[in-house]
Amino acid sequence: MTNRHLEGRTALVTGSAQGIGLSIARALGAAGARVAVHGIATAEQAEAALSEVTAAGAPEVRFSTPTCATFRRSRP
Amino acid sequence: MIEAVEAWGPLDILVNNAGIQKTASLAEVDAATWDAILAVNLSAAFHTMRMALPMMGGRGFGRVVNIASVHGLVASRDKGPYVASKFGLVGLSKVAALEYAASGSRTSGGVTVNCICPGWTETSLIEPQVDARAAATGGDRDAGIASLLAEKQPSLRMSDPAEIGELAAWLCARAAHNITGTAIPIDGDGRRNDSTLVKEEH
């Protein structure tokens with residue numbers, strides 16, 4: 001996956017802790033976008049989603065839930 | 001949420017994907033289910049779009065991808081609130097596309113609004129329906145899935161969520177600047193109202 005056509009872009013994907021939303025977040029991350037992941041999730045699920053989207057290639061990710069808890073991770 | 005991401009961003013790409021489902025006939029469904037499904041599947045997208053699109057328009061670049069459903073194009077029994085919300089999302093997206101079609105330039109990339117309309121896709125949202133069909137047919141999970149596919153997905157193949165992801169990423173590309181106001185099915189050609197597409201003896 002080397003087509004980084006979304007480098008420099010920032011994306012928000014709602015309902016992205018799992019399912020189609022998480023897959024979209026991964027695809028956008030693989031294309032180079034910074035991705036804000038949002039959805040109903042436990043802290044463990046949020047960490048898992050952050051890891052997956054980062055591993056897919058996103059330079060930076062953040063996770064928020066409807067209760068407004070926020071987690072964050074950047075590539076070193 | 002929009003304001004927070006705009007501050008972190010700016011927000012270039014908005015994907016309204018959050019959605020819920022609860023099947024019941026019109027006679028059996030209650031007002032709370034209607035309210036909840038409309039709120040998550042339609043109203044939430046209305047609110048995110050009306051906040052994000054003016055900022056995208058001001059910058060001359062934006063991509064909104066709304067995850068509707070094949071049930072934003074056709075109907076099935078026992079899905080009144082869900083179908084209403086998804087038809088609504090497709091219609092609202094077309095309005096948004098029109099209002100922002102001329103934003104920006106070829107250089108800046110323009111602002112587009114599109115829907116993706118998945119059919120049967122391997123996610124947890126469909127599990128209650130798989131379980132119900134398996135129970136009704138007296139079969140296992142695979143039999144339940146096969147029955148659902150036979151009814152409304154002529155390819156007889158489930159979609160992988162990653163496939164929806166790839167289309168979403170492609171719609172965000174600069175090359176897609178003139179693709180807007182669309183509702184793109186990923187449904188194995190399933191856009192038909194309730195009918196038995198594959199006879200039992202097939």
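User: In chain A, what share of the contacts with a separation of 6 or more comes from residues 24 or more positions apart?

Analyst: Keep in mind that this is a predicted model. Chain A has 76 residues, and buried ones make up 54% of them. For contacts with a separation of 6 or more, the share from residues 24 or more positions apart is 54%.

User: In what order do the elements of chain A run from the N terminus?

Analyst: Chain A has two helices and four strands to place. One stretch goes from strand E1 through helix H1, residues 19–30, to strand E2, as a right-handed β-α-β crossover. From the N terminus on, the whole order is β-α-β-α-β-β.

User: How many residues of strand E1 of chain A are buried?

Analyst: Strand E1 of chain A covers residues 10–14. A:Thr10, A:Leu12 and A:Thr14 point one way, while A:Ala11 and A:Val13 point the other way, and all are buried. So the strand is mostly covered, and buried, meaning under 20% relative accessible area, applies to five of its five residues.

User: Which strand of chain B pairs with E1 of chain A, and in which sense?

Analyst: Inside its own chain, E1(A) pairs with strand E2, residues 34–38, in the parallel sense over five bridges. Across the chains, A:Ala11 has B:Ile13 as its bridge partner. That residue belongs to E1(B), and the pairing, over three bridges, is with strand E1 of chain B (residues 13–16), in the parallel sense.

User: What is the area buried between chain A and chain B?

Analyst: The size of an interface is often given as the accessible area lost when the parts come together. Here 27 residues of chain A and 32 residues of chain B take part in the contact. On the chain A side, A:Arg9, A:Leu12 and A:Ile20 lose the most area, together 29% of what that side buries. Carbon and sulfur atoms give 67% of the total, which is about 2,300 Å².

User: Is A:His38 buried or exposed?

Analyst: A:His38 sits in strand E2 of chain A, opposite A:Thr14. Leaving aside neighbours within four places in sequence, its contacts include A:Leu12, A:Gly15, A:Pro66 and, from the other chain, B:Met1. Its relative accessibility is 11%, so A:His38 counts as buried.

User: Which residue's side chain makes a polar contact of 2.8 Å with that of A:His38?

Analyst: Away from its neighbours within four places in sequence, A:His38 has A:Ser64, A:Thr65 and A:Pro66 among its contacts. The side chain joined to that of A:His38 by the polar contact of 2.8 Å is that of A:Ser64.

User: Which element gives the largest share of the largest nonpolar core?

Analyst: This core has 33 residues, and A:Ile24, A:Leu28, A:Val35 and B:Ile116 have the most contacts inside it. Elements of both chains supply at least two residues each, including E1 and H2 of chain A and E1 and H6 of chain B. The largest share is six residues, and it comes from H1(A).

User: Is B:Leu92 buried, partly exposed or exposed?

Analyst: B:Leu92 lies in helix H3 of chain B, residues 80–100. Beyond its neighbours within four places in sequence, it touches B:Leu42, B:Phe46 and B:Met49. The cut-off for buried is under 20% relative accessible area; at 23% relative accessibility, B:Leu92 counts as partly exposed.

User: Which residue's side chain makes a polar contact of 2.6 Å with that of B:Thr33?

Analyst: B:Thr33 is found in helix H2 of chain B, which covers residues 31–59. It has a relative accessible area of 9%, so B:Thr33 is buried. Its partner in the polar contact of 2.6 Å, side chain to side chain, is B:Asp30.

User: Which two residues does the cis peptide bond with omega of about 20° join?

Analyst: Look at the loop between helix H1 (2–8) and E1 of chain B, where B:Pro10 has its place. The cis peptide bond, with omega about 20°, joins B:Gly9 and B:Pro10.

User: What is phi of B:Leu156, roughly?

Analyst: B:Leu156 lies in the loop between helix H5 (141–152) and H6 of chain B. Its relative accessible area is 41%, so B:Leu156 is partly exposed. Although B:Leu156 is not a glycine, its phi is positive, at about 60°.

Definitions and conventions:
Residues numbered from 1 in each chain as written. Chains lettered and ligands numbered in written order. Predicted model: local features only at pLDDT ≥ 70, side-chain atom pairs only at ≥ 80, totals over all residues. Heavy atoms only, no water. Buried < 20%, exposed > 50% of the residue type's maximum accessible area, 1.4 Å probe, protein only. Pairing = 2+ DSSP bridges. Right-handed = clockwise from strand over helix to strand, strands pointing away. Core = buried A, V, L, I, M, F, W, Y, C linked by side-chain atoms within 4.5 Å. Contact = heavy atoms within 4.5 Å. Polar contact = N/O pair within 3.5 Å; in protein donor to acceptor, adjacent residues only side chain to side chain. Buried area = accessible area lost by both parts, 1.4 Å probe.
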